[in-house]
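Got your viewer open? Here's a stop-by-stop walk, with a selection to make at each one.

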Amino acid sequence: MNKILAVLKREYLTRVKKKSFVIFTILGPLLMALLMGLPSVMMMLSPSVQQNLALIDLHGGFAGPLESALAEYTLDDDRPRYLVERIAPGDGGATADRQALNQRVLEGSLDAYLVVNRNFDEEGGIKYFARNIGFNEQQRMDDALYKVVLDLRLEVSDSGLDRDELRQLTRGVEMSVVEVTKTGAEEEKSEGARLISFLVNYLLMFLFYMMFILWGVNIMRGIIEEKSSRIVEVLLSSVTPFQLMVGKVAGLALVGLTQMVVYAISGAAFLVFGSSQQTLGPLLKGLSPAMFGYMLLFFILGYFLYATLYAAVGAVCNTDQEAQQAQFPILILIMLPTFTSFFFINNPTSMAAQIVSLIPFFTPFIMFIRINTVMPAFWQIALSVVLLIGANVAMLWLAGKIFRVGILMYGKRPGPMEIVRWVRRS
Amino acid sequence: MDAIRIEGVTKAYEGHRAVDSLDLTVPKGSVFGLLGPNGAGKTTSIRMVMNILIPDTGRIDVLGEQMNEQLKERIGYLPEERGLYPKMRVDEVLHFLASIKGVETRQARERTDRWLERVGLADWKEKKVEELSKGMQQKVQFVSALIHDPELLILDEPFSGLDPVNVDLLKEIILEQHEKGKTIVFSTHIMEQVEKMCEYICLINRGRKVLDGRLSEVKQGYGTNTIALEFDGEAAFLEDKALVESVDRYGNYAEVTMADGVDASQLLQRAVAEGCRLKRFQVMEPTLHNIFVNIVGREAA
């Protein structure tokens with residue numbers, strides 16, 4: 001055990017001390033958080049500035065209603081958000097007017113201007129000119145214009161409809177989704193929460209996928225490096241091949257976990273920080289401590305299963321090129337559940353999902369999806385975990401045998417038949 | 001008690017027997033030479049002693065116990081195929097290799113410093129292994145075999161690739177260990193080193209033991225049928241198969257193994273009769289080189 005720990009310690013420290021690890025682990029999420037959080041931070045930090053908006057009203061009756069519609073938007077300090085300036089059409093024609101206004105937009109004395117044609121209902125009847133337009137800005141404009149246009153349309157029609165009544169009649173519909181849980185209770189899920197749980201599923205799936213491959217390949221290459229730098233025999237004069245293998249796999253598991261913890265902490269910090277904003281609020285509801293528990297469980301078990309496979313492949317190969325080919329079957333095993341996950345996320349209760357989630361190589365992905373979507377019966381979870389642990393033990397035993405023979409083998413890479421012979425003999 | 005006792009050990013790979021019913025005893029506290037041509041089975045034998053390979057049959061006892069994992073901490077091993085982690089610092093590599101031999105951290109640090117000082121690499125302690133020259137790396141490797149203060153030291157071709165100054169340094173350290181009562185096993189095919197350092201030898205060829213025992217006795221067993229000759233000019237009599245079984249010629253110097261029943265005086269008479277201008281004519285013990293070439297050469301024929 002002490003020897004496994006000694007090997008583990010070296011594997012862990014040499015990896016964690018690497019610059020690439022620090023960058024990938026700490027700067028990675030930081031960068032991601034920055035990218036994702038930047039807009040909201042900018043919005044929060046940007047001082048409330050009034051927008052200078054000009055309007056060329058060729059229609060004639062547009063300016064008044066629009067001004068009053070825009071007047072409903074105020075800044076935090078109750079000042080109006082929009083300062084509307086009416087521009088009378090000049091003698092030089094529309095093009096000359098626009099050129100003059102464009103110049104003002106470029107100078108910054110104007111943020112944007114609207115041109116409303118005589119017939120605003122035609123294609124391109126209302127145009128917004130600006131350096132750019134933000135999502136929220138556009139939303140506000142659309143809403144205000146909708147109100148004005150609706151009123152104006154009503155005026156010209158003789159339907160006799162009341163405008164308030166019409167607004168009532170044409171408002172949108174919202175369907176709320178209620179989940180019937182296992183116990184028969186009803187649980188309302190907001191649209192946000194549903195979207196989030198879908199996203200979280202995908203995100204975690206790819207996190208698993210990336211981590212399994214990334215660190216599996218890392219183990220494999222580490223072993224090949226030890227073989228090619230001929231240090232293996234020195235190591236084996238102190239530890240058994242099994243101790244060496246387990247130490248390496250566990251050491252890298254710890255590296256992976258370190259990374260996960262850093263990601264989780266930064267993710268949590270991001271969520272807590274972000275939850276003050278309404279857009280990210282539902283995120284917190286979509287995540288539960290139980291889910292973190294399952295994530296950890298399936299990550300560790302899945303990771304060990306694939307890592308031992310990679311270790312065995314590393315032991316029978318002598319060069320990275322050889323390993324590239326030899327690892328292909330493992331890659332397929334990892335890719336299959338990842339790339340079919342869309343089906344399982346949408347059909348978590350299907351027979352296919354129930355069966356596939358019990359196959360140890362797929363359990364970490366598919367059972368985890370099922371838990372996150374429609375919680376399966378507990379016996380199914382328990383069975384899948386037992387099978388996964390069993391597969392881990394079997395794989396450790398098998399890989400240990402392959403490792404024992406392969407690690408001192410140089411020269412030609414053995415074929416599958418020869419590997420079977422090794423396992424039988426040793 | 002013997003340091004190593006190998007009894008009836010066989011190890012076969014697909015098709016051929018790398019080691020074939022080998023019996024071998026290494027007395028405690030001795031300097032022992034394991035000799036043999038390339039591919040004779042030396043490395044396989046050593047790997048079995050180290051529990052890296054498992055023998056098909058037979059028994060291996062080391063330091064009085066059947067070989068097991070715990071014993072590895074009492075053995076220092078310098079394999080022929082050796083390497084270090086190129087990206088690690090010299091001291092970190094040594095600390096790590098000490099830790100897997102069960103040396104506790106503080107002691108490992110203290111010994112690392114002491115040994116690096118001893119082999120003249122104190123200034124390189126914090127450098128990465130890959131920055132060191134080949135010879136320096138080999139010294140670090142040598143230190144790693146000694147860092148846990150083992151009772152038994154197994155060195156596979158320890159001097160290959162070293163310059164004479166470093167060869168002397170390593171020899172000095174090895175003899176020091178011998179004086180402390182440690183058992184030292186060399187595996188090599190360079191006979192001069194063995195002849196000067198070893199008390200016991202074992203010669204293996206094609207997986208089988210062909211000769212073993214105390215070096216002086218082995219040499220005596222080969223009798224006094226070896227003659228060292230120094231001369232000027234021709235020496236046609238050396239080709240006479242009736243007199244000479246084999247000859248190891250270096251220009252004007254030759255070591256002759258006489259044919260059975262031939263007396264030294266017969267050879268001398270013949271040399272004088274042929275008018276060979278002798279500078280030296282000496283009856284001597286056979287060199288290990290001669291014995292080796294004789295046995296291995298005969299088996300190959």
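**Stop 1: where the chains meet.** Start by colouring chain A and chain B separately: together they bury about 2,400 Å², and 54% of that is on carbon and sulfur atoms. Next, pull out B:I52, B:Y85 and B:I100, the residues of chain B that lose the most area to chain A; together they make up 26% of what that side buries. Keep in mind that you're looking at a predicted model. If you'd like the whole contact set, select 28 residues on chain B and 23 on chain A.

**Stop 2: a mixed sheet in chain A.** Hide chain B for now and show the strands of an open sheet in chain A. In what order do its 4 strands run? Reading across, you get β2-β1-β3-β4, with mixed pairing. Now highlight β2 (82–87) and β4 (126–130) of chain A: they're the edges, and each has a single partner strand, so one side of each has no neighbour in the sheet. Look along the sheet and you'll see the twist: on average, neighbouring strands are turned by 20 degrees against each other, direction ignored.

Zoom in on β3 (residues 112–116) of chain A, which pairs with β4(A) in the antiparallel sense over 5 bridges. For a concrete pair, pick A:V115, whose bridge partner in β4(A) is A:K127.

Now bring in the helices. Select α4 (residues 94–107) of chain A, which lies across β1 (51–57), β2, β3 and β4 of chain A and runs at about 160 degrees to β3(A). Then add α5 (residues 135–156) of chain A: this helix packs on the sheet too, touching β1, β2, β3 and β4 of chain A, and its direction makes about 155 degrees with that of β4(A).

**Stop 3: a covered helix in chain B.** Bring chain B back and select its helix α4, residues 134–146. How many of the 13 residues of α4(B) are buried? The count is 10, so to speak a mostly covered helix. Among the buried ones are B:F142, B:V143 and B:L146, as well as B:Q138 and B:K139.

To see what does the covering, show what the buried residues pack against: in chain B that's β6 (75–78), α2 (90–99), α3 (105–118), β7 (152–156) and α5 (164–179), and from chain A there's α8 (232–236). While you're there, try the distance tool on the end C-alpha atoms of α4(B): they're 19 Å apart, which agrees with the 18 Å that 13 residues should span at 1.5 Å a residue.

**Stop 4: an antiparallel sheet in chain B.** Next up is an open sheet of 4 strands in chain B, ordered β2-β1-β4-β5 with antiparallel pairing. Its edge strands are β2 (17–27) and β5 (65–66), each pairing on one side only. Select β4 (residues 57–62) of chain B to find the 2 bridges that link it to β5(B); B:V62 stands opposite B:E65 there.

**Stop 5: out to domain 2.** Colour chain B by its domain assignment, with domain 1 at 2–219 and domain 2 at 224–284. The centres of the two, taken over C-alpha atoms, are 40 Å apart.

Finish on β11 (residues 226–232) of chain B, where 5 of 7 residues are buried. Which strands does β11(B) join? One is β13 (residues 253–258), antiparallel through 5 bridges, with B:A228 partnered by B:E255. Another is β14 (residues 277–284), also antiparallel, through 7 bridges; look there for B:F231 opposite B:L278.

How values were computed: Residues are numbered from 1 along each chain as its sequence is written. Chains are lettered from A and ligands numbered from 1 in the order in which they are written. This is a predicted model: local features need pLDDT of at least 70, side-chain atom pairs count only at pLDDT 80 or more; totals for chains, interfaces and linings use all residues. Side-chain values use heavy atoms; hydrogens and water are left out. The expected span of a helix is 1.5 Å times one less than its number of residues. Buried means under 20% relative accessible area, exposed over 50%, partly exposed in between (1.4 Å probe, protein chains only). Contact means heavy atoms within 4.5 Å. Domain bounds come from an automatic or database domain assignment. Two strands pair if DSSP finds at least two bridges between them. Axes are lines fitted to C-alpha atoms, for helices over the stretch in contact, and angles run from 0 to 180 degrees between N-to-C directions. Buried area is the accessible area (1.4 Å probe) that two parts lose on being put together, summed over both.
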